[in-house]
Amino acid sequence: MRKLKALFLLPVLGMLACSEDPISEIDVTTPNSTTEVFNQNLTEKAYPKQLGTTSQVYFAGQKLPVEEIKGSYVYQGDIILPKDMTNIQPKKLVYQEGETPQKSTGRTSGLWTDNTIYFQVDSDLSNQERVYDAIKHWESNTSLDFVERSGESDYIYFTSGAGCASYIGKIGGRQEITLASGCSTGNTIHEIGHAVGLWHEQSRVDRDRHVNILYENIESGREHNFETYEEMGYDGEEFTTDLDFNSIMMYSSYSFSKNGQPTIVRNNGSAYSVQRNKLSSGDVKGIESMYPSSSAGTEKPTEETYLNGEYYTVSGLTVLRYNDSWYYGSRFGWRKVKLVDSNWYWV
Ligand SMILES: [Zn+2]
């Protein structure tokens with residue numbers, strides 16, 4: 001699992017669903033396995049029936065391929081990027097001392113405060129039990145509290161939509177989680193995972209050590225759904241040492257397949273099953289790291305947590321930690337930079 005660093009923020013993950021009801025099941029021949037049930041379409045999508053216009057926007061300082069559908073930028077199928085946090089032009093990455101930063105396009109404040117998430121359910125939403133059941137699951141497995149909104153300005157609004165979709169982390173104001181009638185409790189758990197700051201498990205930086213992406217089987221125009229967050233310029237960290245195939249944020253082997261053949265396989269070439277029944281132990285561990293239950297763990301990470309000699313992507317910039325300082329390798333060579341309020345400045 002991957003999460004935002006508290007200071008700058010992060011990526012990924014998590015949710016869960018009820019076992020019985022993936023958003024839709026595709027009848028595809030299961031490759032040579034008699035023991036495993038392959039979940040071929042446990043991939044949440046904001047607009048399952050539409051292929052949007054692919055365009056490039058800048059988010060967190062990096063160029064990001066997105067699909068534009070119905071006025072929204074859709075990333076990795078079910079993640080909506082707020083338009084006011086994206087730019088058509090590249091955002092300046094490093095500022096001069098005294099220069100006023102542009103509005104941030106990164107996830108600089110995506111965590112909910114005090115482990116409390118306010119929400120409201122659209123009275124017209126069908127099958128509202130899935131929302132309450134998903135929330136109950138989150139509350140019984142994490143330190144997060146979900147409180148029905150009474151005037152709070154930042155909250156999740158559960159409403160109907162073409163598919164299952166969410167923003168990543170708290171974006172401020174009312175943010176929707178859309179649920180089509182086919183979205184199960186498990187899918188809802190997954191979407192809540194996005195809303196609290198989780199990205200998809202297969203986008204881990206180290207995922208190539210665990211899976212192979214079979215681009216030849218991916219629907220044309222959907223390849224961008226398989227990039228890692230590092231490639232996208234997100235910062236974050238992995239909570240578990242290995243890719244968690246059991247994460248509720250893990251795509252299935254057949255996500256975005258154009259031909260019924262797998263798009264993601266284990267390194268040994270085999271397909272795998274995923275689940276949308278519950279948060280995995282890795283999901284729970286990641287959430288605990290992002291939202292510690294005890295006050296002892298609430299301290300935000302400090303720069304001392306960075307290792308000298310390692311590269312990190314922080315606030316959209318890939319920087320080298322060296323001698324307890326940050327360096328950015330521009331075309332003019334290495335220059336020292338510093339991070340102030342999630343913006344980079346030349347030193
Ligand atoms: Zn998702």
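User: In this predicted model, in which sense do strand E7 (residues 116-121) and strand E9 (residues 155-159) pair, and over how many bridges?

Analyst: Strand pairing is read from the bridges between two strands and from the sense in which they run. Here E7 and strand E9, the latter covering residues 155-159, pair in the parallel sense, with three bridges between them. For one position to look at, take Phe 119, whose bridge partner in E9 is Ile 156.

User: Which residues make up strand E8, and how does E7 pair with that strand?

Analyst: Strand E8 spans residues 145-148, and its pairing with E7 is in the parallel sense over four bridges. In this pairing Ile 117 stands opposite Phe 146 of E8.

User: What unit do E7, helix H1 and E8 make?

Analyst: The handedness of such a unit is read by following the path from one strand over the helix to the other. In this structure E7, helix H1 (residues 129-141) and E8 make a β-α-β unit that is right-handed.

User: At what angle do H1 and helix H2 pack, and how far apart are their axes?

Analyst: Helix packing is described by the angle and distance between the axes, and then by the residues in contact. H1 packs with helix H2 (residues 185-195) at an angle of about 60 degrees, the axes being 8 Å apart, and H1 is therefore oblique to H2. The crossing of these two helices, H1 and H2, is right-handed. Among the residues making the contact are Val 131, Ile 135 and Trp 138 of H1, together with Thr 188, Ile 189 and Ile 192 of H2.

User: How many nonpolar, polar and charged residues does the contact of H1 with H2 have?

Analyst: Sorted by class, that contact has six nonpolar residues, four polar residues and two charged residues.

Conventions
Residues are numbered from 1 along each chain as its sequence is written. This is a predicted model: local features need pLDDT of at least 70, side-chain atom pairs count only at pLDDT 80 or more; totals for chains, interfaces and linings use all residues. Side-chain values use heavy atoms; hydrogens and water are left out. Two strands pair if DSSP finds at least two bridges between them. A crossover is right-handed if, with the strands pointing away from the viewer, the path from the first strand over the helix to the second runs clockwise. Axes are lines fitted to C-alpha atoms, for helices over the stretch in contact, and angles run from 0 to 180 degrees between N-to-C directions. Angles under 35 degrees count as roughly parallel, over 145 as roughly antiparallel, 65 to 115 as roughly perpendicular and the rest as oblique. A crossing is left-handed if the near helix is turned anticlockwise from the far one by less than a right angle, and right-handed if clockwise. Contact means heavy atoms within 4.5 Å. Ala, Val, Leu, Ile, Met, Phe, Trp, Tyr, Cys and Pro count as nonpolar, Asp, Glu, Lys and Arg as charged, and the others, Gly among them, as polar.
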